[in-house]
Amino acid sequence: MPAASRIFRALAASIIASLTVTGCQALDDAGVALGRADLVNDLVARMDRALEQTWSADYQLPGGRTASIAQTMKPLQAAYTWPDGKITVTQQAVTHCENNAGRASCVVSPAVATAGKPSVVVYTEARRYGLVTPPAVIRLLTDAALDPAAAIEQSDTTLAGHHASCVDVTHDGERFTACVTTEGVLASFTGTLDGRSAEITLSRYTDTVESNAFDLPAGAGVVDHRPTTS
């Protein structure tokens with residue numbers, strides 16, 4: 001079982017234990033909490049497994065813009081590309097690129113340990129740019145699953161030809177909808193992340209990755225901060 005799923009099961013168990021000590025109504029609440037925990041666990045486990053697989057996905061953003069995520073396990077590398085930039089993590093470097101006035105500039109930094117999941121580093125950096133990432137969606141789902149006052153409704157859909165499980169969540173006065181494919185890829189999200197409206201929809205998914213997915217943008221200016229070797 002993925003580590004993330006074990007963590008959420010432990011959290012759910014602690015909540016259910018606290019509910020079941022106060023009587024029949026609490027037992028009913030415990031059943032609701034268990035159902036929510038199982039639902040979140042399933043989605044989290046899917047996304048956690050996807051962190052250790054090779055795949056690429058294209059997404060539609062508001063205003064007709066697009067983004068893409070790609071990762072491979074051999075070699076370990078991942079990239080998140082969107083209209084304003086690109087973040088790439090390989091075994092050789094971590095690279096941030098930004099597009100300004102039609103020209104890309106990239107900063108190359110030394111490689112970091114990824115524990116076999118380079119996309120984790122990519123997603124951490126991507127969040128700083130306000131981009132939608134699976135870990136950010138996991139956080140929202142977990143917060144809602146642990147709140148007895150939250151409303152969570154499940155549904156199913158098909159996006160880019162792939163089946164996806166969806167949840168529509170109302171929590172703390174906010175509402176969001178998230179879908180995850182059977183393969184564990186984030187299929188869509190509509191809602192608020194870190195105080196900003198966000199929307200993303202899967203338009204293409206494949207378990208193969210183009211060889212140029214991790215290349216720097218053509219014509220980019222590059223500043224390399226990696227130490228030189230003699």
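**Strand β10, the cores and the largest pocket**

Let me begin with a single pair in the sheet: Thr 177 has Thr 190, in β10, as its bridge partner. I should say at once that we are looking at a predicted model. The strand that pairs with β10 here is β9, residues 174–181, and the two run antiparallel, joined by four bridges. Four residues lie between the strands in this hairpin, and among them we find Gly 184 with a positive phi near 95°.

On to the other partner of β10, which is β11: these two strands also run antiparallel, with six bridges between them, and Leu 193 stands opposite Arg 196 of β11. Their hairpin has two residues between the strands, and in it Asp 194 takes a positive phi near 50°. As for β10 itself, residues 186–193, six of its eight residues are buried, so the strand is largely enclosed by the rest of the structure.

That brings me to the interior. The largest nonpolar core has 46 residues, and those with the most contacts inside it include Trp 55, Tyr 59, Phe 189 and Ile 200. Helix α4, residues 134–145, is the element that gives the most to this core, with seven residues. Apart from it lies another core, of five residues, including Leu 159, Cys 179 and Ala 187.

Finally, the largest pocket holds about 280 Å³ of space, and of its 18 lining residues Arg 65, Gly 130, Leu 131, Val 132 and Ala 198 lie nearest the centre. Strand β11 returns here, since the largest share of that lining, five residues, comes from β11, while by class the lining has eleven nonpolar, two polar and five charged residues.

Note on methods. Residues numbered from 1 in each chain as written. Predicted model: local features only at pLDDT ≥ 70, side-chain atom pairs only at ≥ 80, totals over all residues. Heavy atoms only, no water. Core = buried A, V, L, I, M, F, W, Y, C linked by side-chain atoms within 4.5 Å. Buried < 20%, exposed > 50% of the residue type's maximum accessible area, 1.4 Å probe, protein only. 1 Å grid on protein atoms, 1.4 Å probe; cavity = no way out; pocket = protein on both sides within 12 Å on 5 of 7 lines; lining within 4 Å. Points joined across faces, edges and corners; volume = space filled by probe spheres on them. Nonpolar A, V, L, I, M, F, W, Y, C, P; charged D, E, K, R; others polar. Pairing = 2+ DSSP bridges.
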